[in-house]
Amino acid sequence: QVQLVESGGGLVQAGGSLRLSCTLSGRTFSAYAMGWFRQAPGKEREFVAAISRSGDFTHYADSVKGRFTISRNAAENTMHLQMYKLTPEDTAVYSCAARVSRRSHDYYSTETSYEYWGQGTQVTVSS
């Protein structure tokens with residue numbers, strides 16, 4: 001059974017940076033495409049970033065493009081989300097997700113595309 005565990009959330013001032021991590025266990029890391037989603041208070045969960053299982057293809061929501069970078073490290077079975085220039089609007093619970101991907105270059109940006117989810121990590125950006 002796949003397990004996803006996020007880490008790295010916290011409180012940061014506007015303009016600051018944070019790096020989130022998501023570790024996958026229980027199955028072969030390289031078989032899974034992965035992504036990050038977030039949910040702010042009172043709002044629906046939204047897509048943030050996605051990465052193919054090869055790591056060669058990525059996709060970002062317009063709201064984070066140019067500020068966030070998604071990456072993956074096969075040796076660590078871990079996906080990262082490096083976040084720069086954070087604003088209060090980035091405050092949310094960030095969750096990672098994974099799904100088996102038959103093609104190495106595919107990435108997925110919808111919630112329903114993913115099979116497995118982490119428990120989430122809180123990111124709070126103060127103004």
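Which residue lies over the face of Y108? That would be R99, at 4.1 Å from the ring centre. Keep in mind that this is a predicted model.

## Charges over rings

R99 and Y108 have a counterpart elsewhere in the chain. R72 lies over the face of F29, and here the distance to the ring centre is 4.3 Å.

Y108 also turns up in another group. Together with F37, F47, Y114 and W117, Y108 makes up one aromatic cluster.

## Rings that pair up

Let's look at rings next to rings. The structure holds 6 aromatic pairs. A pair of aromatic rings is described by two things: how far apart the centres are and the angle between the planes. Take Y32 and Y116: their ring centres are 6.2 Å apart and their planes meet at 70°, so this pair counts as edge-to-face. The cut-off behind that label is a plane angle over 60 degrees. Y32 sits in strand β4 (residues 32-39) while Y116 sits in strand β10, so the pair ties together parts that are 84 residues apart in sequence. Is Y32 buried or exposed? Y32 is buried, with a relative accessible area of 4%.

Another edge-to-face pair is formed by Y114 and W117, with 6.1 Å from centre to centre and 70° between the planes. These two partners have their own accessibility values. Y114 counts as buried, at 6% relative accessibility, whereas W117 is partly exposed at 26%. The line between those two classes is drawn at 20% relative accessible area.

## A serine in a loop

Now for S101. You'll find S101 in the loop that runs between β9 (92-100) and β10 (116-117). Being in a loop doesn't put S101 out in the open here: its relative accessibility is 4%, so S101 counts as buried.

What does S101 touch, leaving aside its neighbours within four places in sequence? The contacts are A31, A33, R53, D106 and Y108. So Y108, the residue with R99 over its ring face, is one of the contacts of S101. There is a polar link too: a polar atom of the S101 side chain lies 2.8 Å from the backbone oxygen of R103.

## Strands side by side

Finally, follow strand β3 (residues 18-25), which pairs with strand β1 (residues 3-7) in the antiparallel sense, over 5 bridges. Within this pairing, S7 stands opposite S21 of β3.

β3 has another partner as well. With strand β8 (residues 78-83), β3 pairs in the antiparallel sense over 6 bridges. Which residue in β8 is the bridge partner of L18? It is M83.

Conventions. Residues are numbered from 1 along each chain as its sequence is written. This is a predicted model: local features need pLDDT of at least 70, side-chain atom pairs count only at pLDDT 80 or more; totals for chains, interfaces and linings use all residues. Side-chain values use heavy atoms; hydrogens and water are left out. Helices (H or I, at least four residues) and strands (E, at least two) are DSSP runs, numbered from the N terminus. Buried means under 20% relative accessible area, exposed over 50%, partly exposed in between (1.4 Å probe, protein chains only). A polar contact is a pair of N or O atoms within 3.5 Å; within protein, one must be able to donate a hydrogen and the other to accept it, and residues adjacent in sequence count only if both atoms are side-chain atoms. Contact means heavy atoms within 4.5 Å. Rings of Phe, Tyr and Trp (its six-membered ring) pair if their centres lie within 6.5 Å; planes under 30 degrees apart count as stacked, over 60 as edge-to-face and the rest as tilted. A charge sits over a ring if NZ of Lys or CZ of Arg is within 6 Å of the ring centre and within 35 degrees of the ring normal. Two strands pair if DSSP finds at least two bridges between them.
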